[in-house]
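Me: I have a model open and would like to go through its packing with you. Could you take my questions as they come?
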Amino acid sequence: MSNDYKFEGWLGLDKDAVEGKMQWKEFEPKPFTEDDVDIKITHCGICSSDIHVLRSGWFPTQYPCCVGHEIVGRAVRVGNKAERGIKVGDRVGVGAQAASCLKPDCEECTSGLEQYCTNVNCSTYNGNFADGSKSYGGYATYNRTPSHFVFKIPDALDSADAAPMLCGGVTVYSPLKKNGAGPGKRVGIVGVGGLGHFGILFAKALGCDKVVGISRSNQKRDDVLKLGADEYISIDEDKDWATKHARTLDLIVCTVSSPKLPLMDYMQLLRTNGKFVQVGAPEDILPDFNALAFIGKGATFGGSLIGAPHEIEEMLQLAADKKIKPWIEQRPMKEANEAVVDMVDGKARYRYCLVNEESK
Ligand code: NAP
Ligand code: ZN
Ligand code: ZN
């Protein structure tokens, strides 16, 4: 296959990009090395992190920036040192991480915690590889990523379903799995957006005794029950919800993208030794909370960052085996700006996936 292709995509040039002002332009990927895989992108999910980065919400973004880290496509060029047995023509995907140091003396990289590597930690976009070159994401024609962070997509999964799992899915799968979600456990998922809806699907697939969707209004109640949740709580509309449901959950995974969290009420939902894991990454600091709420029941407050490569593989296999069907709305890549604006407006039910029609 010829390597004569252009890396082009939707570039954010400044923070106004989030208002639907990304521009279609060519960009220069990292120099190809024998560990790399070039992917002709067919699908790319829209994650809320794309929104935070487009508007420099967490910290100043390195513009020009091509966001998108839920990438699926065909491998069109594969280095001769590539891992995972990837071959030209394979259907493959990339999540939110593109590189870590992978050194034999790295505590994180040698223990399946690559996402926490402190030596080299290159996000799929708005990051820098060890050679200093910039990373560019998947609202694009092609992507180049080191093969340690490229995954074969099981045949049983549609590309549009698999793409959003690579960040949105694994970000909830990882803390569910690490914190024992399964038979005998009762789990709450706060915020039913892209991540939250995966939280419900994966908590059910892992066999939890009870899964509760926790959302602001009652608007998503029917959807959440259809997704398989056993119960639904509307924190804006259900009266005295925290008292009524007090001490009913072992684990809460909170995906909310805003700092407006009634943390003390969520703590009330936890049983003795319960855990609250924050994965939503608001741009502003969280509200104050009283330590006694944790101390009094031996509870833990934690956080979790995406998932490691081995967890991504495990999650894809679970999704294939259990026939997990996420709720995805496909949008043409050409309309990425409109889709970003709709995502900011909270219209996705529950994940948008951009599709490069001509690459399919
Ligand atoms: P999303 O689809 O927009 O969902 C976020 C949910 O948060 C919404 O559906 C909504 O749930 C709730 N929410 C939104 N605005 C709110 C507000 N003003 N007040 C209270 N709740 C609000 O976003 P996503 O793609 O799932 O991402 C969620 C967050 O996770 C983002 O901050 C993203 O950057 C972060 N993230 C973190 C990681 C990680 O590694 N930790 C990885 C990926 C994404 P309800 O309507 O149900 O209330
Ligand atoms: Zn993401
Ligand atoms: Zn490392």
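Me: How are helix 2 and helix 3 oriented to each other?
Reply: Helix 2 and helix 3 are oblique to each other, a class for angles outside those that count as roughly parallel (under 35 degrees), roughly antiparallel (over 145) or roughly perpendicular (65 to 115). Their axes cross at roughly 55° and come within 9 Å. Axes are lines fitted to C-alpha atoms, for helices over the stretch in contact, with angles from 0 to 180 degrees between N-to-C directions. Helices here are DSSP runs of H or I with at least four residues, and strands are E runs of at least two, numbered from the N terminus.

Me: Which residues make that contact?
Reply: Helix 2 contributes Pro-164, Met-165, Gly-168, Gly-169, Thr-171, Val-172, Tyr-173 and Leu-176, and helix 3 contributes Leu-195, Phe-198, Gly-199, Phe-202 and Ala-203. Contact means heavy atoms within 4.5 Å.

Me: Before I go on, what sort of model is this, and how is it numbered?
Reply: It is a predicted model, in which local features need pLDDT of at least 70 and side-chain atom pairs count only at pLDDT 80 or more, while totals for chains, interfaces and linings use all residues. Residues are numbered from 1 along each chain as its sequence is written, chains are lettered from A and ligands numbered from 1 in the order in which they are written, and side-chain values use heavy atoms, leaving out hydrogens and water.

Me: Which members of the largest nonpolar core touch the most others?
Reply: Leu-176, Phe-202 and Leu-316 do, in a core of 45 residues. Such a core is a set of buried Ala, Val, Leu, Ile, Met, Phe, Trp, Tyr and Cys residues joined through side-chain atoms within 4.5 Å. Buried means under 20% relative accessible area, exposed over 50%, and partly exposed in between, with a 1.4 Å probe and protein chains only.

Me: Where does its largest share come from?
Reply: From helix 2, with nine residues. The core also draws at least three residues from each of domain 1 (8-156 + 323-355) and domain 2 (168-303); these bounds come from an automatic or database domain assignment.

Me: How far apart are the domain centres?
Reply: The centres of domain 1 and domain 2, taken over C-alpha atoms, are 27 Å apart. Their contact takes 14 residues from domain 1 and 20 residues from domain 2.

Me: Changing topic: is Thr-272 buried or exposed?
Reply: Thr-272 is exposed, at a relative accessible area of 52%. This residue is in strand 14 (residues 270-278). Not counting residues up to four places away in sequence, Thr-272 touches Arg-247 and Lys-297.
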